[in-house]
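Subject: A structure for you to look through

Dear colleague,

I am passing on the structure we spoke about, and below it I have written out what was found in it. Please keep the model open while you read, and look up each residue as it comes.

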Amino acid sequence: MYKKTLIYCAGAVALCMAGVAWRPARIDTDKGLKDYYKKYFPIGVAVTPRELKSEEGKLIVKEFNSITAENAMKMAPLHPEENRYYWNDADSIMAFAQRNHIKVRGHNLCWHAQAPAWMFKDSAGNDVSKEVLLKRLKDHITTVASRYKGKIYAWDVVNEAIADDTTFLRKSKWSQITGQDFIAKAFEYAHAADPKAALFYNDYNTEQPAKREKIYKLLKGLLDAGVPINGVGLQAHWSVNNPSREELEKSIQMFSSLGLQIQFTELDISVYSGRQGGQLINGQQQQVKSEFTPEMEQQQLEKYKMVFEVFRKYRKNITGVTFWNVSDRYTWLNGRGRKNYPLLFNADLQPKKAYWEVVNF
Ligand code: XIL
């Protein structure tokens with residue numbers, strides 16, 4: 001055993017000297033991401049109920065110590081009609097987590113997308129009043145957060161309320177009917193239902209200066225008004241081209257200065273250029289490639305290496321890092337006629353080169 005280990009170590013040194021990507025000694029291969037990062041922060045992943053029953057289930061248990069429902073806890077899937085909840089999927093994720101001693105991060109209680117149409121309409125099909133909408137929001141949040149009380153360590157309470165254009169609040173049914181009030185109210189309802197859960201505001205493009213300023217302003221306003229908010233979720237749908245180390249550090253510093261916890265809640269690194277989730281810049285058509293080229297692999301591993309260096313540097317401020325999907329076999333970024341390869345495991349569920357960059361420190 002000792003001899004074998006020596007051989008592997010010597011092999012690793014020789015490979016490094018030859019400029020080949022680092023691989024762990026064989027003795028390390030029982031370790032998962034969560035073990036490498038044990039002293040830093042939990043490492044999470046977004047899951048579907050189907051994956052938990054298939055091959056991915058084993059990988060999830062080995063690599064991660066936090067899970068998030070990719071869709072199952074969102075408002076429309078969970079609450080399709082005013083007087084009907086659908087719990088099966090969310091409950092099965094919860095049961096898997098408990099069986100395997102994995103923490104659960106809740107996502108999400110209020111969002112403009114995947115919100116059921118009935119929420120905003122009365123029986124005649126007209127928009128409901130502000131009072132009615134807030135009452136419905138309260139009922140929803142109270143029911144969901146109470147059901148999982150004590151079992152969810154952090155909730156994304158409000159998701160993506162800030163606009164991408166020059167206006168402040170995103171235009172949505174929530175903001176059209178209640179103004180900005182739905183945001184503070186959602187946090188109050190969640191806190192009343194599960195006082196020990198850490199409550200997060202979650203958004204994307206948080207490394208873009210203009211949007212970052214607006215999110216900062218929103219969060220500061222909530223804190224000044226005594227709203228029970230504990231953290232900010234930075235989605236981290238990034239690409240091989242963004243964010244820069246400087247912008248990423250600046251976001252962490254700015255949000256931490258408010259005394260909030262920071263969690264990276266939906267990490268993936270698209271192999272295509274573009275600001276968010278690999279979307280095309282200005283809607284311009286780019287060359288559609290479906291192959292994971294050596295250039296993409298190299299750019300992606302460098303980006304993963306950099307962002308995890310930064311995460312480790314700010315370990316005191318960061319209380320979680322969650323990947324959005326398990327492997328390149330299935331990712332929400334596939335589509336628009338092209339395959340993406342944004343995660344640390346390939347379609348065969350094997351660690352990619354970027355994985356070894358993330359755990360080599
Ligand atoms: C995505 C899911 O991954 C998809 O399956 C679904 O069709 C749409 O939503 N920001 C969020 C997540 O906060 O909830 C989104 O998840 C991805 C973007």
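Asparagine 108 is found in strand β3, which covers residues 103-111, and the peptide bond that leads to asparagine 108 from histidine 107 is cis, with omega near -10°. Please bear in mind throughout that this is a predicted model, so that these angles, like the other values below, are computed from predicted coordinates. A second cis peptide bond joins asparagine 242 and proline 243, where omega is about 5°; proline 243 lies in the loop between β7 (237-239) and α11 (245-256). These bonds deserve a look because most peptide bonds are trans.

The backbone also has some unusual phi angles, and most residues other than glycine have a negative phi. Glutamine 114, however, has a positive phi near 50°, and its place is in the loop between β3 and α7 (130-147). Asparagine 205 likewise has a positive phi, near 55°, and is placed in the loop between β5 (198-203) and α10 (209-224). Is asparagine 205 buried or exposed? Asparagine 205 counts as buried because its relative accessibility is 13%, which is under the 20% limit, whereas glutamine 114, with a relative accessible area of 32%, is partly exposed.

Glutamine 114 leads on to the ligand, since an N or O atom of the glutamine 114 side chain is 3.4 Å from an oxygen atom of the ligand. The side chain of glutamate 70 also has an N or O atom by a ligand oxygen, at 2.4 Å, while a polar side-chain atom of glutamine 235 lies 3.3 Å from a nitrogen atom of the ligand. On its own the ligand has 410 Å² of accessible area, and the protein covers 80% of that. There are 14 residues around the ligand, and those that come nearest are Glu70, Lys74, His107, Asn159 and Glu266. By type, the shell around the ligand divides into four nonpolar, six polar and four charged residues.

Which residue does a polar contact of 3.3 Å join, side chain to side chain, with glutamate 70? The partner is asparagine 325, which is found in the loop between β9 (318-323) and α13 (353-359). Asparagine 325 is buried, because its relative accessible area is 0%. A polar atom of the asparagine 325 side chain also lies 2.9 Å from the backbone nitrogen of tryptophan 332. Leaving aside neighbours within four places in sequence, asparagine 325 is in contact with Val45, Ala46, Glu70, Tyr330, Thr331, Trp332 and Leu343.

Histidine 79 is another residue to find in a loop, this one between α5 (75-78) and α6 (88-99). With a relative accessibility of 3%, histidine 79 counts as buried, and a polar atom of its side chain lies 3.0 Å from the backbone oxygen of glutamate 82. If residues up to four places away in sequence are not counted, histidine 79 touches Arg84, Tyr85, Pro116, Trp118 and His140. Histidine 79 and alanine 115 are 36 residues apart in sequence, and their C-alpha atoms are 8.7 Å apart in space.

In soluble globular proteins, nonpolar side chains tend to be buried together. Here the largest nonpolar core has 99 residues, of which Trp155, Phe264, Phe308 and Phe311 touch the most other members. Beyond its neighbours within four places in sequence, phenylalanine 264 is in contact with ten residues that you can pick out one by one: Leu234, Ala236, Trp238, Leu248, Ile252, Phe311, Ile318, Gly320, Val321 and Thr322.

Last come the values for the chain as a whole. The chain has 13 helices and nine strands, and 53% of its 361 residues count as buried. Among contacts in the chain with a separation of 6 or more, 75% are between residues 24 or more positions apart. The accessible surface comes to about 16300 Å², and 52% of that surface belongs to carbon and sulfur atoms.

With best wishes,
A colleague

Note on methods. Residues numbered from 1 in each chain as written. Predicted model: local features only at pLDDT ≥ 70, side-chain atom pairs only at ≥ 80, totals over all residues. Heavy atoms only, no water. Core = buried A, V, L, I, M, F, W, Y, C linked by side-chain atoms within 4.5 Å. Buried < 20%, exposed > 50% of the residue type's maximum accessible area, 1.4 Å probe, protein only. Contact = heavy atoms within 4.5 Å. Near = heavy atom within 4 Å. Polar contact = N/O pair within 3.5 Å; in protein donor to acceptor, adjacent residues only side chain to side chain. Areas by Shrake-Rupley, 256 points an atom, 1.4 Å probe, with all protein chains shown as cover. Nonpolar A, V, L, I, M, F, W, Y, C, P; charged D, E, K, R; others polar. Helix = DSSP H or I, 4+ residues; strand = E, 2+ residues; numbered from the N terminus.
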